[in-house]
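Here's an informal walk through one structure, from its helix packing to a handful of single residues. Have the viewer open as you read.

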Amino acid sequence: MENERFDRATRLILEALQADARQSTQQLAERVGLSATPVWRRVKELEERGVIRRHVALVDREQLGLSICVLANVSLVRHTEGAVDAFEAMAAGSPEIVECQAITGEADYVLKIVAPDMKAYDQFLQNKVFKVPGVASVRSNVVLREVKYETAYPVP
């Protein structure tokens, strides 16, 4: 298996696991058209190579009481190593931030933040984000509704 191209069976395994990671090796084997042992070996190899990073359950955030989702564009005043490290450490250690991407353009980062309500979001900004030295601005975009939400990547 090469990193950039997978054979048909490996693609089917990846697609099946992204749809339902709880499938047994036997179920995967039946879906892929191989016996259980080669499927098990392929899954183990994909895990060892980091193609499969982990197996998770997707939870409905609103069922957890996290009704607010915000996409926040964050700009730093300066890009010194200390400022970047401090911001990224805060992001990595904040469970409210479910995604953090370093980006090009007007902002330096885009964050996906979940919170129970706007008051909680404001407190998060005041108590965490604005306390990081070097944060110049935060431009918040409140998500009105999710039009599309996928966790599965297309497998080339």
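What follows covers the helix contacts, then an aromatic pair, then four individual residues. Keep in mind that this is a predicted model.

**How the helices pack**

Two packed helices are described by the angle between their axes and the distance between the axes. Here are the values for three pairs.

| Helix pair | Axis angle | Axis distance |
|---|---|---|
| Helix 1 and helix 2 | roughly 130° | within 10 Å |
| Helix 2 and helix 3 | about 105° | 8 Å |
| Helix 1 and helix 3 | about 70° | 11 Å |

Start with helix 1, residues 8-19, and helix 2, residues 25-32, whose axes cross at roughly 130°. That angle makes helix 1 oblique to helix 2. As for handedness, the crossing of these two helices is right-handed. On the helix 1 side, the contact uses Arg8, Ala9, Leu12, Ile13, Ala16 and Leu17, and they meet Leu28, Arg31 and Val32 from helix 2. Sorted by class, the residues of this contact are seven nonpolar and two charged, with no polar ones.

Next, helix 2 against helix 3. Their axes sit 8 Å apart at an angle of about 105°, which makes helix 2 roughly perpendicular to helix 3. Helix 2 brings Thr25, Gln26, Leu28 and Ala29 to the contact, while helix 3 brings Ala36, Val39, Trp40 and Val43. The class split for helix 2 with helix 3 is six nonpolar, two polar and no charged residues.

That leaves helix 1 with helix 3. Here the axes are 11 Å apart and the angle is about 70°, and the two helices are therefore roughly perpendicular to each other. Ala9, Thr10, Ile13, Leu14 and Leu17 from helix 1 touch Val39, Arg42, Val43 and Leu46 from helix 3. By class, that contact has seven nonpolar residues, one polar and one charged.

Some residues turn up twice in this set. Leu28 of helix 2 is in the contact with helix 1 and also in the contact with helix 3. Ala9, Ile13 and Leu17 of helix 1 are listed against helix 2 and again against helix 3. On helix 3, Val39 and Val43 meet helix 2 as well as helix 1.

**The aromatic pair**

How many aromatic pairs does the count come to? The count comes to one. Phe87 and Tyr109 make up this pair, with ring centres 4.5 Å apart and 35° between the planes, which counts as tilted. Phe87 belongs to helix 4 (residues 81-92) and Tyr109 to strand 3 (residues 109-115), so the pair ties together parts that are 22 residues apart in sequence. Are the two partners buried or exposed? Phe87 is buried, with a relative accessible area of 0%. Tyr109 is buried too, at 5%.

**Four residues, one by one**

Ala57 is in the loop between helix 3 (36-48) and strand 1 (68-76). Its relative accessible area is 64%, so Ala57 is exposed. Along the chain, Ala57 and Arg22 are 35 residues apart, and their C-alpha atoms are separated by 9.0 Å.

Thr104 is in another loop, between strand 2 (97-102) and strand 3. With a relative accessible area of 76%, Thr104 is exposed. From Thr104 to Val147 the C-alpha separation is 24 Å, for residues 43 apart along the chain.

Tyr153 comes in the segment after strand 4 (135-142). Tyr153 is exposed, with a relative accessible area of 66%. Its C-alpha atom is separated by 25 Å from that of Asp108, and the two residues are 45 apart along the chain.

Finally, Ser140, which is found in strand 4. At 36% relative accessibility, Ser140 counts as partly exposed. Which residues is Ser140 in contact with, leaving aside its neighbours within four places in sequence? Its contacts beyond those neighbours are Val70, Leu71, Ala72, Tyr121 and Leu125. Asp108 comes up again here: Ser140 and Asp108 are 14 Å apart, C-alpha to C-alpha, with their positions 32 residues apart in sequence.

Definitions and conventions: Residues numbered from 1 in each chain as written. Predicted model: local features only at pLDDT ≥ 70, side-chain atom pairs only at ≥ 80, totals over all residues. Heavy atoms only, no water. Axes fitted to C-alpha atoms, helices over the stretch in contact; angles between N-to-C directions. Helix = DSSP H or I, 4+ residues; strand = E, 2+ residues; numbered from the N terminus. Parallel < 35°, antiparallel > 145°, perpendicular 65-115°, else oblique. Left-handed = near helix turned anticlockwise from the far one by under 90°. Contact = heavy atoms within 4.5 Å. Nonpolar A, V, L, I, M, F, W, Y, C, P; charged D, E, K, R; others polar. Phe/Tyr/Trp six-rings, centres within 6.5 Å; stacked < 30°, edge-to-face > 60°. Buried < 20%, exposed > 50% of the residue type's maximum accessible area, 1.4 Å probe, protein only.
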